[in-house]
Amino acid sequence: MRFSIGFKIFGIAVILAGVMIVAAIISELRVRQAQVRIEVLAEHLLTLMEKSSDLRTIALRETLQFRDLIASETSGDSSEEQRILQLYEDSFRKFTSLSEEMRTEIDAATIKIPSIERKLALSNIKVHLGSLVATHEHLHELIKRIVTLHAERNEIAKTELVRLFNIEDEAFIAADTDLTMQIRSVVDTVAQTAEKDQAQAIAFEHVVTASAALLGLLLAGIMTRALLLPIRNLRRASMAVQAGDFRQQVDVRGNDELTDLSSTFNTMVEQLKQKEKTEAVFGRYVDPRVIEKLVDETGENADELAAAGRQEATVFFSDIAGYTGISERLTPASLVQLMNEYFNMAGVPISKSNGLLDKFIGDAVMAFWCPPFVDSEDIAKLACQAVIGEAAMIREFQKRLPDLTGIRIGVPEISIRMGLATGNVIVGSIGSTNKRNYTVIGDTVNLSSRLEGANKYYGTQSLICERTHELMGTGFLTRELDSLIVKGKTNAIRIFELVSEGSPDPDTADAFGAFASGLQHYRQGDWDKATNMFGDCLKARPEDGPAAVFLKRIEQLKENPPGPNWDGTWQLDAK
């Protein structure tokens, strides 16, 4: 049977409320019993004591009057005799009336009093009252006869009756004393019982309240533990999952909402585990950030990201110089091992700079930087950092080449050429209905590829376009190389060599200064000064490829001078 958490909490509240209600009822009954006894005491028993005192007063007054009469001289007046007898009759009626009122009080108290023992005690009081009344009647008859004999002056008979009167009077006093003691005993007992009932009611209420509180705390503790234990397990497992540990599973016990939550959590972890496996597999083919945005469970970003749009991006191309010659020297297995390791290492600088590794084309690598994966103002800077990282990577790769190829003597020299171009491209999920690739297309992509190829002509390792140079920021060592029209284009662009990060050493600074001066003279058509400056560049940096290229180009221009509108632009026909 299923019990929800709300039902359990409500059940505990009902149990506690039931305990409190039962306790209140029992306490109320006890209080009512005490109230009944107090009511009987106040309304009947104390009245009974008061009336008993009145009876005693009447009887005492009669006795005193009788003794005064006996002690007095006989007047012989019959009217006086009648007056005295009338007084005794009035006193007798009052006594009888009071005794009837006492019986009424006893009956009323007997009806209200709950205790059988007290009912018997009240019945005993009634018996004693009857005995007292009967004794009083005997005294009354004796008094009437003695008064008559006193009036007749019959001393002998009167003396005998007086003796009987004294005996009956003593019996009356004894009966009155018994009645008073019985009434007082019942009054004291009822008062004590009422006080005891009241104290027990208060004590019972305290005990029940404390018991209910303890029961509530016990049930609350049990309920709290039952709730907190799975919640703590869920919290611990959730934090572990948040940290990337998808091995977590929580126990599914019980039949409430926490059970459902635990089961749902386990299902969610399994789904996350499958998603992680999926992303791990597809991450080998597509950048994980693209997967994360395209495979968005909410669907909020997928359509926006997949839709191709035009924006500014920096595109990277690289390839291995002399790849064909290297591949011919290696077995297929060695070549595959070599290229896999190369691509593994080549992807690291790109990933560290938040670039998207687009594809491998033979020995070439293509990547790009654009929003929303990086900020628009950082696209060129991050791409240049990746180029510097690639240059450091290839030096490390060269050291590992003997182990990778198995060649110890005549190890081939590995170098790479890289090109960066920044400009507007079309970015998005591009392809057919059944197969798509998240990539960039446009003239900027072609320009990046052409710049990568132009390195071969200039003898450089990395070339960047003017827009990349504008956006790259500070901290990089560059130099302007040329105004170039690449193959397939009609407009010239200024191109720069990206050398390294930081400041140049003195020889490099001298060489680059001479090269800049030579480039200025070259664009002005001053071949001799340009030749001297490029020569100075080679003296400071003997392996400088661009300076050597310009010296050869100047020789060609001397033999075939350009036209009057020449501005120093060079057209490169090779890719």
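**Note on the predicted model: T422, H206 and the helices α13 to α15**

1. A polar contact of 2.8 Å links the side chain of T422 to that of T314. The coordinates come from a predicted model. T422 makes another such link: its side chain and that of T468 form a polar contact of 2.6 Å.

2. Where does T422 sit? T422 is part of strand β4, residues 415–431. Its relative accessibility is 7%, so T422 counts as buried, the cut-off being under 20%.

3. Which residues does T422 touch, leaving out those up to four places away in sequence? The set includes both polar partners, T314 and T468. E312 and A313 are also among them, as are I379 and A380. T444, C465, R467 and L471 complete the list.

4. Is H206 buried or exposed? H206 has a relative accessible area of 54%, so H206 is exposed, the cut-off being over 50%. H206 belongs to helix α4, which covers residues 155–242. Its C-alpha is 9.7 Å from that of A23, although the two residues are 183 residues apart along the chain.

5. Now the whole chain. It has 15 helices and nine strands. Of its 575 residues, 40% count as buried. Take the contacts with a separation of 6 or more: residues 24 or more positions apart account for 71% of them.

6. Helix α13 runs over residues 506–524 and has 19 residues. From first C-alpha to last it reaches 27 Å, close to the 27 Å expected at 1.5 Å a residue. At its start, a side-chain oxygen of D505 comes to within 3.1 Å of the backbone nitrogen of D507. Just after the helix, G525 takes a positive phi of about 80 degrees.

7. Which residues of α13 are buried? They are T508, A511, F512, A514, F515, G518, L519, H521 and Y522. An α-helix has 3.6 residues a turn, so residues three or four places apart point the same way. The cover over the buried residues of α13 includes strands β7 (476–485), β8 (493–501) and β9 (569–571). Helices α14 (527–540) and α15 (545–559) are also part of that cover.

8. How do α13 and α14 pack? Their angle is about 165 degrees, and their axes are 8 Å apart. An angle over 145 degrees counts as roughly antiparallel, so α13 is roughly antiparallel to α14. The contact draws on D507, D510, A511, A514, F515, S517, G518, L519, H521 and Y522 of α13. From α14 come W527, K529, A530, M533, F534, D536, C537 and A540. The crossing of α13 past α14 is left-handed.

9. Some residues of α13 appear in both lists. A511, A514, F515, G518, L519, H521 and Y522 are buried and also take part in the contact with α14.

10. Helix α15 has 15 residues. It reaches 22 Å from first C-alpha to last, close to the 21 Å expected at 1.5 Å a residue. At its start, a side-chain oxygen of D544 lies within 3.0 Å of the backbone nitrogen of A547. A547 is itself buried, along with G545, P546, V549, F550, R553, I554 and L557.

11. What do the buried residues of α15 pack against? Their partners are helices α11 (443–458), α13 and α14, and strands β7, β8 and β9. β7, β8, β9 and α14 also help to cover the buried residues of α13.

Methods
Residues are numbered from 1 along each chain as its sequence is written. This is a predicted model: local features need pLDDT of at least 70, side-chain atom pairs count only at pLDDT 80 or more; totals for chains, interfaces and linings use all residues. Side-chain values use heavy atoms; hydrogens and water are left out. Helices (H or I, at least four residues) and strands (E, at least two) are DSSP runs, numbered from the N terminus. The expected span of a helix is 1.5 Å times one less than its number of residues. Buried means under 20% relative accessible area, exposed over 50%, partly exposed in between (1.4 Å probe, protein chains only). Contact means heavy atoms within 4.5 Å. A polar contact is a pair of N or O atoms within 3.5 Å; within protein, one must be able to donate a hydrogen and the other to accept it, and residues adjacent in sequence count only if both atoms are side-chain atoms. Axes are lines fitted to C-alpha atoms, for helices over the stretch in contact, and angles run from 0 to 180 degrees between N-to-C directions. Angles under 35 degrees count as roughly parallel, over 145 as roughly antiparallel, 65 to 115 as roughly perpendicular and the rest as oblique. A crossing is left-handed if the near helix is turned anticlockwise from the far one by less than a right angle, and right-handed if clockwise.
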